[in-house]
Amino acid sequence: MIEEIATSMRTHHHVRAQVTAKAVTIGDVIDFAGRGYTVVDVLDFSDGKRGLRFRTGEALIVEPDEELSAVRAFRKR
């Protein structure tokens with residue numbers, strides 16, 4: 001996660017936040033046990049759960065109100 005953030009620090013401002021699963025967007029970096037996983041795809045299921053697919057090829061299904069630790073990048077002005 002540190003490497004991904006460092007490469008875009010010149011063009012983006014990074015904010016660490018707790019987000020619910022329903023607020024996760026493509027490009028967010030989700031922190032699991034100190035490792036960062038970049039979200040590349042988000043799927044919405046009919047029961048309200050969300051499927052998150054990461055750049056590593058791994059996937060995770062989460063409850064809509066589950067809180068996740070994330071880093072979100074915003075383009076600098």
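**Exercise 1. Is β4 largely enclosed by the rest of the structure, or not: how many of its five residues are buried?**

Solution. Begin with the ground rules. This is a predicted model, in which local features need pLDDT of at least 70, side-chain atom pairs count only at pLDDT 80 or more, and totals for chains, interfaces and linings use all residues. Residues are numbered from 1 along each chain as its sequence is written, and side-chain values use heavy atoms, with hydrogens and water left out.

Step 1. Fix the terms. Strands are DSSP runs of E with at least two residues, helices are runs of H or I with at least four, and both are numbered from the N terminus. Buried means under 20% relative accessible area, exposed means over 50%, and partly exposed lies in between (1.4 Å probe, protein chains only).

Step 2. Count. Four of the five residues of β4 are buried, so the strand is largely enclosed by the rest of the structure.

**Exercise 2. Find the strands that pair with β4.**

Solution. Two strands pair if DSSP finds at least two bridges between them.

Step 1. Take β3. It pairs with β4 in the antiparallel sense, over five bridges. Aspartate 44 stands opposite arginine 50 of β4. The two strands form a hairpin with five residues between them. In that turn, glycine 48 has a positive phi of about 95 degrees.

Step 2. Take β5 (residues 59-62). Four bridges join it to β4, and the two run antiparallel. Arginine 53 has alanine 59 in β5 as its bridge partner. This hairpin has four residues between its strands, and glycine 57 in the turn has a positive phi of about 95 degrees.

**Exercise 3. Describe the aromatic pairs made by phenylalanine 54.**

Solution. Rings of Phe, Tyr and Trp (its six-membered ring) pair if their centres lie within 6.5 Å; planes under 30 degrees apart count as stacked, over 60 as edge-to-face, and the rest as tilted.

Step 1. Count the pairs. The rule gives three aromatic pairs.

Step 2. Look at phenylalanine 32 with phenylalanine 54. Their centres are 6.2 Å apart with 80 degrees between the planes, which is edge-to-face. Phenylalanine 32 lies in β2 (residues 29-32) and phenylalanine 54 in β4 (residues 50-54), so the pair ties together parts 22 residues apart in sequence.

Step 3. Check exposure. Phenylalanine 32 is partly exposed, at 28% relative accessible area. Phenylalanine 54 is buried, at 3%.

Step 4. Look at tyrosine 37 with phenylalanine 54. This pair is tilted, at 5.5 Å centre to centre and 55 degrees between the planes. It links β3 (residues 35-44) to β4 across 17 residues. Tyrosine 37 is buried, with 11% relative accessibility.

Step 5. Put them together. Phe32, Tyr37 and Phe54 form one aromatic cluster.

**Exercise 4. Which element gives the most to the largest nonpolar core?**

Solution. A nonpolar core is a set of buried Ala, Val, Leu, Ile, Met, Phe, Trp, Tyr and Cys residues joined through side-chain atoms within 4.5 Å.

Step 1. Size it. The largest core has 12 residues, including Tyr37, Leu52 and Phe54.

Step 2. Sort by element. β3, β4 and β6 (67-75) each give two or more residues. β3 gives the most, with three.

**Exercise 5. Is aspartate 28 buried or exposed?**

Solution. Step 1. Locate it. Aspartate 28 sits in the loop between β1 (12-20) and β2.

Step 2. Read its accessibility. At 2%, aspartate 28 counts as buried.
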